Amino acid sequence: MSNDTPIQYGEVTATYFWDDGSGINGDTGAPASGEPMQEGLFSSPSWPLGTEGYIVYEGQEYEFFIGDRGPGEPSHDCDVLLDIDGKTFAKMMGTDFDETSLTVGGGNGHAEVEYYITEWGDGAGTEGAPHPFMQEGNSCEDAVSPIPEQAQASEEEASEDTSEDEEATAEESEEPADDGSDEQAAQEEEGSEDAAPAEESDDGGVSAGTAANDISGAELTGADSGMLSGTGLLTLALVPAILVAVLFVWSRRAAGAHAGAADDGGRGLMAESNGRHSLGSLLDRLRGRK
């Protein structure tokens, strides 16, 4: 409340009260505003109920709102124009408030205070200079003074500081929070680039996927070539063996021819073969059957 700009200032004599309806010490009943008696509830003989402000006593500020009417007779000569609740008054005096007797222990029951009104209430009462209780035509003009420049400056500075804080808070709220999502997204993008197969480049380069396929094809081709090469080598190895076998047969056939002499039929040397050479014998038999 003390950060609000004052709209009225003055100096008055104040006393204290505590009207909770107990009837103690001339208690006249519950506060006129309907609010329960409490710390910070002050009484004025004329200001509207609900009026807000603060008082200054020995350099200390105490906030208040007007919730009751008073003082009564002490206000008739504009002597006492503000009643302060007993708990606040005790704090001002540096003493205790007696909850049983509803009194402030020790010290003076009156105090000279400065008051600052920051907002007029919407309840019953009259704005401006206070007037004695039940005496609306008798205004206490001396209770109102120009607002000190120091108070106005301090209130304006406080208002500017509050505005700057609000603007700074708004700017901070507009800035996106750095929750690491950008860094995570960059890492994910980098990972996807590493994992994705590269396409063929414009300069004839081969992608990673294509290179892998080429390697696989080369391995398969190499394997097939190896198999084919092995078959060719086997074939080449067998050809001499076959030739040797043929020559061996023919040589055996020629050797068998020396076993017998030529017969009378003119069949040559093979006629006297003893049959141990199967190929010669077969030829002789075929010739003999003709």
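In the predicted model, lysine 87 has a relative accessible area of 27% and is therefore classed as partly exposed. The side chain of lysine 87 meets that of glutamate 99 in a salt bridge, with an N to O distance of 3.5 Å. This pair links distant parts of the chain, since lysine 87 belongs to helix α1 whereas glutamate 99 lies in the loop between β6 (97-98) and β7 (103-104), 12 residues apart. The structure holds two salt bridges. Glutamate 39 and lysine 91 also meet through their side chains in a salt bridge, at 2.6 Å from N to O. Glutamate 39 is located in the loop between β1 and β2 and lysine 91 in helix α1, so that this interaction ties together parts of the chain 52 residues apart in sequence. Both residues fall in the intermediate accessibility class: glutamate 39 is partly exposed because its relative accessibility is 38%, and lysine 91 is partly exposed because its value is 49%.

The secondary structure of the chain consists of five helices and eight strands. Along the sequence these elements follow the pattern β-β-β-β-β-α-β-β-β-α-α-α-α. The chain has 290 residues, of which 29% count as buried. The accessible surface amounts to about 18600 Å², and carbon and sulfur atoms account for 50% of this area. Of the contacts between residues at least 6 apart in sequence, 66% join residues at least 24 apart.

Strand β8 takes part in two of the pairings described here. With β1, strand β8 pairs in the antiparallel sense over eight bridges; within this region, glycine 10 has tyrosine 115 of β8 as its bridge partner. The pairing of β3 with β8 is likewise antiparallel and extends over five bridges. Glutamate 52 has glutamate 119 as its bridge partner in β8.

The largest nonpolar core comprises 30 residues, among which Ile55, Leu82, Met92 and Val113 touch the most other members. At least two residues of this core are supplied by each of β1 (8-17), β2, β3, β4, β5 (80-85), α1 (86-93) and β8. The largest share, four residues, comes from β8. Methionine 92 illustrates the connectivity of this core: beyond residues up to four places away in sequence, methionine 92 touches Ile55, Tyr57, Tyr62, Ile84, Ala111 and Val113. A second core, separate from the one above, has six residues and includes Tyr54, Val56, Tyr116 and Ala151. As a general tendency, nonpolar side chains in soluble globular proteins are buried together.

A search of the whole structure identifies seven aromatic pairs. In one of them, the ring centres of phenylalanine 42 and phenylalanine 64 are 4.9 Å apart and the ring planes lie at 5 degrees; the pair is therefore stacked. The two residues connect distant parts of the chain, with phenylalanine 42 in strand β2 and phenylalanine 64 in strand β4 (residues 60-68), 22 residues apart. Phenylalanine 42 and phenylalanine 64 are both buried. Tryptophan 47 and tyrosine 115 form a tilted aromatic pair, with a centre-to-centre distance of 4.9 Å and an angle of 55 degrees between the planes. This pair, too, links distant parts of the chain: tryptophan 47 is in the loop between β2 and β3, tyrosine 115 is in strand β8 (residues 110-119), and 68 residues separate them. Tryptophan 47 and tyrosine 115 are also buried. Tyrosine 115 thus combines its aromatic pairing with tryptophan 47 and its bridge partnership with glycine 10. Separately, Tyr9, Tyr54 and Tyr116 form one aromatic cluster; Tyr54 and Tyr116 are also included in the second nonpolar core.

The loop between β2 (41-43) and β3 (52-57) also contains serine 44. Serine 44 counts as buried because its relative accessibility is 0%. Leaving aside residues up to four places away in sequence, serine 44 touches Ile66, Asp68, Arg69, Gly70 and Leu81.

Key:
Residues are numbered from 1 along each chain as its sequence is written. This is a predicted model: local features need pLDDT of at least 70, side-chain atom pairs count only at pLDDT 80 or more; totals for chains, interfaces and linings use all residues. Side-chain values use heavy atoms; hydrogens and water are left out. Buried means under 20% relative accessible area, exposed over 50%, partly exposed in between (1.4 Å probe, protein chains only). Contact means heavy atoms within 4.5 Å. Accessible areas come from the Shrake-Rupley method with a 1.4 Å probe; for residues, only the protein chains shown count as cover. Rings of Phe, Tyr and Trp (its six-membered ring) pair if their centres lie within 6.5 Å; planes under 30 degrees apart count as stacked, over 60 as edge-to-face and the rest as tilted. A nonpolar core is a set of buried Ala, Val, Leu, Ile, Met, Phe, Trp, Tyr and Cys residues joined through side-chain atoms within 4.5 Å. A salt bridge is a side-chain nitrogen of Lys or Arg within 4 Å of a carboxyl oxygen of Asp or Glu. Two strands pair if DSSP finds at least two bridges between them.
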